[in-house]
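Biologist: I would like a close look at a single part of this model, namely one chain and the way it meets its neighbours. Please take me through it in one connected account.

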Amino acid sequence: MKVQRLNKILLYDDGAARTLNIEEIAEYLRKKLAKVGIEARGNPFAPYPVQDKISDYAKRIASVKIQDAAKRMSFGQEPFYAEIEYEKRRILGKTRTSGVLYNGLELQRIFFEMIPRGERSLEFVHIFFNNRLFATWDENDRRYHARVSLCGIPSIISTTGIVEAPAKPREYYLLKQQYEMLGKDLLELKDRFKGVFIDYEDERLTEVVKGYAMQAVFYSLVGDPFCQDKGCRLYNAHWQDELIFAQLESEYEFCQRHASFLEEMNEN
Amino acid sequence: MRIEKIKVKEDKTIKEFIDELSLSAVPILLELDGEIFYPDDNYDRKIQAGDRLAVIPIIAGG
Amino acid sequence: MVEKFSPVGEKEVTRAIVTEFTTQFAEYVESDCIVVGGGPSGLMAGRNLAREGRKVLIVERNNYIGGGFWIGGYLMNKVTIRHPGERILDELGIPYKEVNGGLFVADGPHACSKLIASACDSGVKFANMTVFDDLVLKEGGRVAGVVINWTPVSAMPREITCVDPVALESELVIDATGHDAQVVRKLEERGLIKTKGFGAMWVERSEDLIIEHTGEVHPGLIVTGMAVATTYGLPRMGPTFGAMLLSGEVGAQIALEKLHESAKVK
C-alpha cells in the first residue's frame with residue numbers, strides 16, 4: 001500500500017451524542033498511532049463568534065435539509081426563520097436535538113470552510129463527530145440513503161447515523177409496523193430488542209465510534225477506509241449485527257493486513 | 001475508487017482535467033501542492049504539465 | 001325529600017344563554033391571542049397565556065374540546081407521555097403510571113378533562129362549533145386575527161348558505177390545528193410562506209424537534225403541536241402527547257415575550 005504521511009489528527013465536536021466520549025477516542029487513536037499528533041478541538045464553529053457569520057452558516061445548513069428521501073433535492077428554497085434559529089442554537093452548542101435529514105455532501109462542503117486553510121491537505125485528518133443525520137443520493141435506486149460516515153475533508157461521523165443507517169433485524173421493522181398501526185409507543189418495541197442494535201444513549205457508542213474514526217484515518221493513510229474482513233474494525237457494516245460484530249464482538253480488532261500495517265507505522 | 005495521484009501531461013484548466021477523466025458527476029476533492037480544494041470552485045484554475053494532482057473521492061460509509 | 005328545581009320559565013333560560021353568550025362574544029371580538037385548535041397543544045398554550053392575565057380565545061371546530069387527547073392510538077383511551085412531559089401531568093394534577101424508564105401512561109378522559117378545566121380556570125374562553133375560515137392581515141402582511149364561521153355552515157356549499165363569516169382581531173394567532181396546519185396553509189395560499197409537508201421519516205423520536213421549532217413562523221403567527229411538523233417538514237411523530245403539551249407551553253412563552261415586546265413599542 002502506498003502510504004500518506006500523517007501530520008496530525010484533529011477531532012471536532014459538532015454536537016455528537018452526549019454519551020460519546022471524544023477524549024477516550026483521542027486516547028485510543030494515540031495508542032494506535034503513536035507517532036501522529038492527536039488533538040481534540042471542540043466545537044468547529046468556535047472560531048466564529050461573530051453573530052453574522054454564525055447566522056450565515058446556520059442559514060446554509062438549514063438550506064441543505066432533505067425533505068423527501070425519494071426525490072433528489074432542489075436548492076433555492078429559503079429556510080424558515082425557526083429552522084435557521086434551530087441551526088444557530090446547534091452551532092452555538094445550545095441544543096443537540098437531532099432528527100433533521102441533511103444532504104451529506106452539501107453539509108460536508110459547509111464544514112470544509114471550518115478547516116483552517118493551512119491544514120487542508122492529506123497530511124491532516126479532520127474528523128467531525130456529530131449527531132446530524134445525513135444521507136447521500138444513490139443513482140442506482142434513485143433515493144437518498146442515511147449514512148454513518150462520510151470520508152472526505154473533513155470526515156463526518158454521525159452518532160445518529162450509527163443508530164439509523166445500518167439496518168436493524170427484519171423482525172424489528174415488521175413489529176414496528178404493527179406497533180404503529182396499533183398506536184403503541186415504540187419505546188416498548190425497543191425494549192424487546194434491547195442490545196441487538198446500537199441505540200441512542202447506548203453505552204457502547206464510544207467503543208463503536210473508535211472503529212469509524214480508524215476508518216477515517218485509513219482513508220487518509222491509504223485512500224481506502226474499508227476492509228472486506230467482517231471481523232476487522234474497518235468493515236463497512238450495512239446491518240446492525242455486522243456493526244456490532246466488527247466493532248465489539250470480533251476476536252481481533254483489525255485483520256492481519258491492517259494490524260501489521262499499524263505495527264509498521266508505529267515502528268518507523 | 002481510491003485516492004489517486006495523477007501527473008498532468010499538458011497545461012489545462014481544472015475543468016478540462018475533470019472532464020477528461022469523466023469525473024464531473026463524481027463527488028471528489030483535488031489536492032495540488034499540498035492544498036485540497038473542491039474542483040467546481042476552481043474550474044478556471046490553470047494547471048501545468050508536470051503538476052501532480054491527487055484525486056480524492058468522497059466515500060460514504062454505512 | 002328531593003329539592004325542587006326553581007320555577008324558571010323557558011324564556012328566562014333562553015335570555016340567560018343569549019345574553020351571556022353575546023356579552024362574551026362581543027368582549028372577545030378583540031383579544032391578546034386567538035388559538036385555533038382546542039387540542040392538547042392549543043389548550044396548554046391558551047391556559048399558560050391566560051394564567052399570565054392575557055385575554056385568550058380558543059377556536060375549535062368540533063363541539064367537543066380536547067382534540068385527540070381523549071384517546072391514545074387505535075381508540076384505546078390511554079394516553080402515553082414521554083419524559084419530560086410528566087412534569088405537565090404533575091402540574092395539572094393528572095394521575096399517571098410509569099410503564100418503563102421514561103414512558104408514562106394516563107387515562108385519556110382524566111387527562112383531557114383536567115387540561116380543559118385548567119384552561120377554563122385560567123380564564124380561557126372558547127368558541128366551539130366554530131371553524132377557522134381565513135386570516136385577518138394588517139399592512140405588511142402581519143397576522144392580526146382570524147375569520148370564523150359556524151362549523152355546520154362551513155360544511156355546506158357557499159351557494160346555498162349565505163351566512164357570512166365574522167372577523168375577530170388579536171395581537172397574535174396560534175396555529176394549533178394539528179397535521180393540517182390550517183392557519184399556516186392559509187398564509188401559504190396567499191403566497192406569504194411555503195410549508196414543507198412531512199419530512200423523511202427516518203427518526204422515530206422527533207418530539208424534541210417539535211419543541212425546537214415551536215415559535216413564530218410569520219409576524220403575528222405562532223405554530224405549536226403537530227402543525228409544527230407540517231410547517232417545517234419534520235418527521236411525523238409517534239402517538240405520544242408529551243411534545244404536544246410542551247410545545248403548547250413553549251408557544252405560550254414565546255407569545256408572552258411577543259406581547260411584552262409589542263406593549264413596550266406602544
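Modeller: What follows describes chain B on its own and then its contacts with the other chains. Please keep in mind that this is a predicted model.

Chain B contains one helix and seven strands, and when it is read along the sequence these elements follow the pattern β-β-α-β-β-β-β-β. The C-alpha trace of chain B spans about 40 × 20 × 20 Å along its principal axes. Its radius of gyration is 11 Å, which agrees with the value near 11 Å that a compact globule of 62 residues would have. Of the 62 residues of chain B, 29% count as buried, and among its contacts between residues at least 6 apart in sequence, 73% join residues at least 24 apart.

Turning to the neighbours, 15 residues of chain B are in contact with 27 residues of chain A. On the chain A side, the elements that give two or more residues are α4 (104-112), β7 (149-151) and α8 (205-222), and the largest share, four residues, comes from α4(A). By class, that side of chain A has twelve nonpolar, eleven polar and four charged residues.

Strands also pair across this boundary: β7(A) and β7 of chain B, residues 59-61, run in the antiparallel sense over three bridges, and within this pairing A:S149 stands opposite B:G61.

With chain C the situation is otherwise, since no contact joins chain B and chain C, and their closest C-alpha atoms lie 15 Å apart. Two pairs of chains touch, and the most contacts among them are between chains A and C.

Methods
Residues are numbered from 1 along each chain as its sequence is written. Chains are lettered from A and ligands numbered from 1 in the order in which they are written. This is a predicted model: local features need pLDDT of at least 70, side-chain atom pairs count only at pLDDT 80 or more; totals for chains, interfaces and linings use all residues. Two residues are in contact if their C-beta atoms, placed from the backbone, lie within 7 Å. Ala, Val, Leu, Ile, Met, Phe, Trp, Tyr, Cys and Pro count as nonpolar, Asp, Glu, Lys and Arg as charged, and the others, Gly among them, as polar. Two strands pair if DSSP finds at least two bridges between them. The radius of gyration is taken over C-alpha atoms; the globule rule is 2.2 Å times the number of residues to the power 0.38. A residue is buried if 20 or more other C-beta atoms lie within 10 Å of its own, exposed if 12 or fewer, and partly exposed in between; C-beta atoms are placed from the backbone.
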